[in-house]
Amino acid sequence: MRTRPSRRAAKYGLAALVSFSLIAAACGGSDDNASDDTTADSTADTTADTSDATATSDAPTTDAPAGTDAPEGTDAPTGTEVKEGEIDIGMNTDVGDPVPGGTLRYGLEADVDGLNPTSSALSAPGLMMANAVFDTLTAWDVDGKAVPYLAESIEPLDGDFSKWVLTIRQGITFHDGTPLNIDAIIQSFETQRQDPLVGLAVKPFYPETGAVDRIDDYTAQFNLLEPNAFFPGALTGQLGYVSSPTWIAAALDDPTLNQKPVGTGPFVFDSRSPDSVTRFVRNDSWWNGEVYLDAVEFVPVPDADTRAELLLEGDINALQTSDPGAILKLDEDSSVQQVKDETSEEGFAMMNSGSPPFDDIRAREALTLATPEENYLNLIGLGVLRPASQRYIPESKYYNPDVTMHMDDPAAAKVLSDEYCGEVPENCTDGKINMELQYPAGSVVLDQTSDLLIQGWSGSFNVTVQTIPQDEHIQEAALGQYNVVLWRQFGAEDPALDNVWLLCRTVGGISLNWPKFCDPSRDELLLQAQATTDEATRIDLYKQIEQKLHDDYLYIFLAHTLWSNAFAENVHGVCDRVSPEDVPLRCVSNGRNWFSSIWMSE
Amino acid sequence: MTDLSTHMEHGQANLLADLGQMPAQDVTQKGRRLGIGFWLAIAFMVVIVLVAVLAPWLPLKDPEKSYVIAGERPPYSPSWQFWFGTDQLSRDMFSRTIWGARISLTVGFSAIAFGMLVGGSCGMIACYFRGRFNAIISFVFVVLLSFPALVLAILITSLLDRSLFTISFTIGILSVAPVGMVSRATTISFADREFVLAARSLGARHPRIILRELLPNVVIPMSALALLGVAVAIVAEGGLAFLGLSVQQGITWGKLIQNGAGRSDLEDAPWIAFSPILVLFLTVLSLNFAGDRLRSHFDVKETAL
Amino acid sequence: MLLLVISMLTFGAMNVLGDPLFNILGVTASATDEDSLQKIEAAKEEYNLDDPLPVRYAIWLGGFVQGDFGVQFSEDGQPPVRNLIVERLPRTLSLVILAQLMALAISLPWALWSASRADSKADKVSTVGAFLTISIPNFALAVILSYILSIKLGWFPLVYEADAPFPSRLHAMILPAFTLALPAAAVYQRLLRTDLITTLQEDFILTARAKGVSRRSILFKHALRPSLFSFVTVFGITTGALIGGALVVESIFLIPGLGRAIVEAVLREDFPVVLAIVMIVAAIFVLLNLVIDLIYSLIDPRVRR
């Protein structure tokens with residue numbers, strides 16, 4: 001007969017445990033003091049919202065909201081003959097004729113919250129998906145000119161660049177059967193313009209009322225506040241996506257429909273599993289010709305290395321990346337075709353000139369001087385990225401050779417910071433200027449970039465680091481609640497379309513002029529340059545503007561972002577896109593490509 | 001973060017299981033020598049703590065500085081110049097691992113110190129006093145236990161700042177409940193014992209009883225638990241860091257591991273992640289081992305009950 | 001009751017320390033133009049933001065109990081939280097269940113084997129092995145395992161795909177589940193082994209042996225039963241801990257499950273999602289405790305009153 005008196009004690013203990021939870025569950029709740037919070041103070045209350053969700057594990061800096069491709073377009077324009085040289089098209093030639101079939105699996109940097117161009121802030125991945133399901137009113141040709149695409153024609157009214165008459169093609173229907181007419185265009189445009197978030201990038205250029213006039217069923221007139229000779233370029237991006245008015249109206253009532261886009265594009269929305277895969281299938285009745293692929297699937301893979309790995313293993317057939325390490329990895333495999341584009345954005349550290357200490361130009365210059373650019377190019381850029389002194393690569397016609405960035409000079413920085421601290425000691429501690437560096441959490445590359453920059457800056461600055469969620473990060477930047485952030489911008493194909501980030505009028509409570517820097521004389525130059533098509537004048541003006549940007553010390557340019565769109569061996573036709581008038585169109589733009597001309601062989 | 005509750009509970013369950021063992025067993029287990037393994041583990045801990053504390057005065061390379069060799073791109077593999085190699089920014093991994101110990105160990109020890117203080121005393125007092133008080137404290141414990149640990153940690157750190165204090169405090173809070181449970185269970189087994197009853201009958205007052213009679217007996221199994229707990233806390237910090245949610249400023253082991261855990265880094269430069277992993281592992285191992293040995297050595301059985 | 005308290009705490013914390021208006025409206029919340037002000041008013045009305053905290057809590061609770069978990073603030077179009085839960089809960093659950101099954105499958109035979117060879121050389125090695133396994137942090141283990149098995153050997157896929165057919169989804173889950181299972185298995189093994197050794201020395205075992213009952217039969221039929229007692233406790237607690245561990249593992253293996261959802265939700269301060277997930281997990285914990293108690297009464301008749 002067993003005697004286990006001591007077992008009882010154990011049982012008691014365990015049973016006590018269990019029964020207490022039962023008792024607790026059974027009885028009413030007694031008073032509890034388990035508190036989650038102790039310190040009374042909390043950090044600032046800015047919190048996340050529905051702005052864009054670019055993952056940044058890919059790039060050293062972040063994307064702007066409203067897409068760098070919002071109403072104002074992207075990339076630096078180029079002379080005709082240099083096109084081939086700037087975008088390195090590494091696609092196989094001599095591949096035969098297109099055959100239908102195949103599913104293209106595309107690896108993206110991140111997933112997006114929604115796919116409604118009128119209300120979702122589309123970042124690079126979002127714009128990529130949009131390219132499958134929407135068509136734009138205009139498109140960039142290989143010479144850097146915006147030609148009509150969904151639109152039939154777009155012309156200035158009597159040569160006045162502030163009034164543009166747009167005529168759209170007839171006989172096109174949306175995926176849901178709604179016919180395409182000018183009202184759809186007007187609705188897309190106006191909804192976007194009125195959206196409190198997305199509209200921020202659109203509103204500054206149009207009058208409050210009468211931004212667009214309906215002329216007839218297929219014609220409308222856009223009325224701008226100032227002449228802009230490059231307005232057609234504004235319709236190549238998010239502003240130019242045309243969505244089904246039926247869908248837009250329905251989505252206003254039921255916002256879950258934002259996940260199910262309806263456009264006119266070569267592919268129709270099929271299914272979406274957030275953070276996993278979004279699928280589009282061929283649109284057999286596409287208006288601009290034959291579509292070859294059966295389907296396109298987008299797979300968000302935030303880690304750049306993993307994404308590259310998946311392509312090399314054959315789990316995906318294509319990807320977009322701007323991560324130097326991933327690009328090097330892809331370079332090693334000769335079967336991978338890459339389209340490399342250096343003409344898009346620049347990565348930089350951006351200073352907030354609206355609040356101390358960087359409201360003082362000496363602090364700004366000091367930070368620039370102290371930046372360890374050489375180490376950055378070597379250790380983060382991995383020799384793949386080219387240093388940037390301005391918004392244009394050396395091959396660009398707007399490139400100003402007199403503008404050079406003086407960095408890697410901690411001694412000179414110290415002189416300035418000492419001077420500043422002498423005058424404004426309250427912003428300094430131990431003779432160094434106090435500042436905070438902010439960037440999105442969750443990216444190892446950004447952590448490394450931050451550490452590296454601090455190495456150089458710590459001679460003159462006391463740097464505290466703040467990593468916050470991506471959404472919050474963009475918000476804080478817009479609200480001007482930062483000292484220095486790591487950022488990416490200025491990828492417009494024509495510089496006129498980057499004005500939104502620089503004009504005085506976009507400095508505000510919510511400011512797209514992120515550094516909150518207003519210079520009326522700079523505004524004048526910018527507006528002048530957008531109003532004329534005379535090359536020589538423009539070149540001169542932009543060179544002046546670049547000099548100003550340099551002298552004002554607002555952006556510490558680190559490198560030109562290198563985008564690579566990589567494809568498996570059997571993917572072809574990426575650069576064969578043409579407009580309805582058979583004008584060859586630009587292959588890639590800011591890390592995005594289009595899908596109508598792509599086909600796959602065995 | 002599997003380990004936090006599991007380990008605590010495992011330690012507790014083991015404790016209780018041992019408490020319930022047959023006297024026959026006790027003879028073989030009780031008084032088991034601590035053994036050389038125990039002292040090795042303790043020695044290792046002492047060394048690590050010493051090195052961490054003395055780091056600023058040791059001839060280590062600057063943990064934040066990039067030692068780039070011209071013509072060669074980092075990361076550099078382990079060599080005489082860099083004992084643990086360098087990371088992608090060519091910072092010395094050996095130095096960084098040691099400096100990482102400072103924060104990681106601080107978090108571990110202070111978190112458990114907090115947990116022990118609060119949880120231990122609550123548990124002891126609760127059990128001793130029984131009744132209403134007991135029920136309330138137990139309820140609190142269960143609430144804390146039922147909250148998914150990591151979620152609580154993330155919640156707190158996202159709503160407050162991510163300073164050393166907050167992180168330590170958060171992990172400390174998480175350890176209060178398991179510690180409290182064990183402390184209570186241990187106290188239970190003592191509160192009825194003769195010497196307590198004797199003290200009571202002699203007219204000793206409650207605080208005196210708690211301090212003089214109970215505490216010394218409870219402390220020993222608790223210190224075993226403490227060692228285990230520190231290990232868990234250090235791992236907890238590592239887990240948080242891996243999700244990018246640990247201490248904002250400064251180097252921790254978790255951050256170091258996160259930095260080196262990228263796919264291509266693992267393939268091309270595994271030492272970036274494995275240096276901190278190795279040291280972390282050895283530390284946790286030592287703590288676990290020492291705690292385990294301590295527990296089985298000092299297991300007070302209910303002999304003669 | 002317990003769940004109530006937890007929900008109150010979470011609700012309070014998020015609303016007091018965070019800013020609901022910002023979460024719902026984003027940047028618009030601080031805009032001052034006509035349009036935005038209207039939206040702010042509308043949001044305030046819809047979400048009762050002008051009411052005092054307790055009232056808002058009551059409203060939320062009312063809806064919650066009826067199955068209305070609210071909408072996801074941070075997702076475009078604000079889909080109902082319910083969708084998120086329905087989609088992700090099964091994944092996390094299957095991960096945990098798979099892990100526990102694996103842990104059982106590994107630990108039981110292992111424990112039986114080592115108990116029957118107690119103190120032999122092989123057993124000593126296995127004990128050390130178990131110890132080492134427990135000491136590795138789960139994120140480090142995940143990194144190591146994924147490196148060896150996914151990258152180097154290519155046995156398992158790198159990414160989990162939600163819309164792949166069931167077999168390949170299962171395949172993609174094996175490695176993450178194994179990462180969770182391994183340390184749990186080691187814990188179980190240690191516990192079972194200790195218990196088994198104890199039980200094996202009981203009188204009734206000797207009796208059975210004398211009667212000629214086979215060794216195997218002894219192990220399985222007679223020895224396991226009493227050992228199950230404390231095992232069940234630890235099993236239950238481990239399940240809870242595994243849910244927490246699933247968080248880390250989901251992040252590393254990129255499985256879109258509940259763990260990742262709540263991490264993101266907390267970071268983006270998406271209250272309804274956080275509340276819903278916390279409540280669900282807490283409910284699971286409570287359920288688990290109930291089940292454990294039930295099992296107790298089944299395996300040990302003396303506990304039944």
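**Figure 1. Chain C and chain B of the predicted model in overview.** Chain C contains 12 helices and zero strands, and its elements, followed from the N terminus on, run α-α-α-α-α-α-α-α-α-α-α-α. The coordinates shown here and in every view below belong to a predicted model. Of the 305 residues in chain C, 59% are buried, and among its contacts between residues at least 6 apart in sequence, 72% join residues at least 24 apart. Chain B likewise has 12 helices and zero strands, with elements that run α-α-α-α-α-α-α-α-α-α-α-α from the N terminus on. In chain B, 63% of the 305 residues count as buried, and residues 24 or more positions apart account for 72% of the contacts with a separation of 6 or more.

**Figure 2. Helix H3 of chain B, with its buried and exposed residues.** Helix H3(B) comprises the 20 residues 35-54, which at 1.5 Å a residue should span 28 Å, and the distance of 29 Å between its end C-alpha atoms agrees with that expectation. The buried residues of H3(B) are Phe38(B), Ala41(B), Met45(B), Ile48(B) and Ala52(B). Viewed down the axis of H3(B), these buried residues fall within an arc of 95°, and they therefore line one face of the helix. An α-helix has 3.6 residues a turn, so residues three or four places apart point the same way. On the other side of H3(B), the exposed residues are Ile36(B), Trp39(B) and Leu40(B).

**Figure 3. The surroundings of Thr252 in chain B.** Thr252(B) lies in the loop between helix H9 (206-242) and helix H10 (253-260) of chain B. Because its relative accessibility is 0%, Thr252(B) counts as buried. Its side chain makes a polar contact with the side chain of Glu237(B), at 2.8 Å. When neighbours within four places in sequence are left aside, the residues in contact with Thr252(B) are Gly100(B), Ile103(B), Ser104(B), Glu237(B), Ala241(B), Ser246(B) and Val247(B).

**Figure 4. The open four-stranded sheet of chain A and the helix packed on it.** The four strands of this open sheet in chain A follow the order E5-E6-E8-E7, with antiparallel pairing. Strand E5 (151-157) and strand E7 (212-216) of chain A are the edge strands, each of which pairs on one side only. Neighbouring strands of the sheet are turned by 20° against each other on average, direction ignored. Between E7(A) and strand E8 (residues 219-223) of chain A, the antiparallel pairing extends over four bridges, and Asp213(A) stands opposite Gln221(A) in E8(A). Helix H4 (residues 182-194) of chain A packs on this sheet, where it touches strand E6 (160-168), E7 and E8 of chain A, and the direction of the helix makes about 175° with that of E7(A).

**Figure 5. The open eight-stranded sheet of chain A, with two helices packed on it.** This open sheet in chain A has mixed pairing and the strand order E1-E13-E20-E12-E2-E11-E10-E9. Its edge strands, each pairing on one side only, are strand E1 (87-89) and strand E9 (267-273) of chain A, and the twist from one strand to the next averages 15°. Strand E2 (residues 103-108) and strand E12 (residues 318-321) of chain A pair in the parallel sense over two bridges, with Ala318(A) in E12(A) as the bridge partner of Tyr106(A). Helix H7 (residues 304-313) of chain A packs on the sheet and touches E2, E12 and strand E20 (563-567) of chain A, its direction making about 155° with that of E12(A). Helix H8 (residues 324-331) of chain A also packs on the sheet, touching E12, strand E13 (337-341) and E20 of chain A, and its direction makes about 140° with that of E13(A).

**Figure 6. Strands E9, E10 and E11 of chain A.** E9(A) and strand E10 (residues 277-282) of chain A pair in the antiparallel sense over six bridges, and Phe269(A) stands opposite Phe280(A) in E10(A). The hairpin of E9(A) and E10(A) has three residues between the strands, and in this hairpin Asp275(A) takes a positive phi near 70°. E10(A) is also joined by four bridges to strand E11 (residues 295-300) of chain A, the two strands running antiparallel. Here Phe280(A) stands opposite Val296(A) in E11(A).

How values were computed
Residues are numbered from 1 along each chain as its sequence is written. Chains are lettered from A and ligands numbered from 1 in the order in which they are written. This is a predicted model: local features need pLDDT of at least 70, side-chain atom pairs count only at pLDDT 80 or more; totals for chains, interfaces and linings use all residues. Side-chain values use heavy atoms; hydrogens and water are left out. The expected span of a helix is 1.5 Å times one less than its number of residues. Buried means under 20% relative accessible area, exposed over 50%, partly exposed in between (1.4 Å probe, protein chains only). The arc is that of the directions from the helix axis to the C-beta atoms. A polar contact is a pair of N or O atoms within 3.5 Å; within protein, one must be able to donate a hydrogen and the other to accept it, and residues adjacent in sequence count only if both atoms are side-chain atoms. Contact means heavy atoms within 4.5 Å. Two strands pair if DSSP finds at least two bridges between them. Axes are lines fitted to C-alpha atoms, for helices over the stretch in contact, and angles run from 0 to 180 degrees between N-to-C directions.
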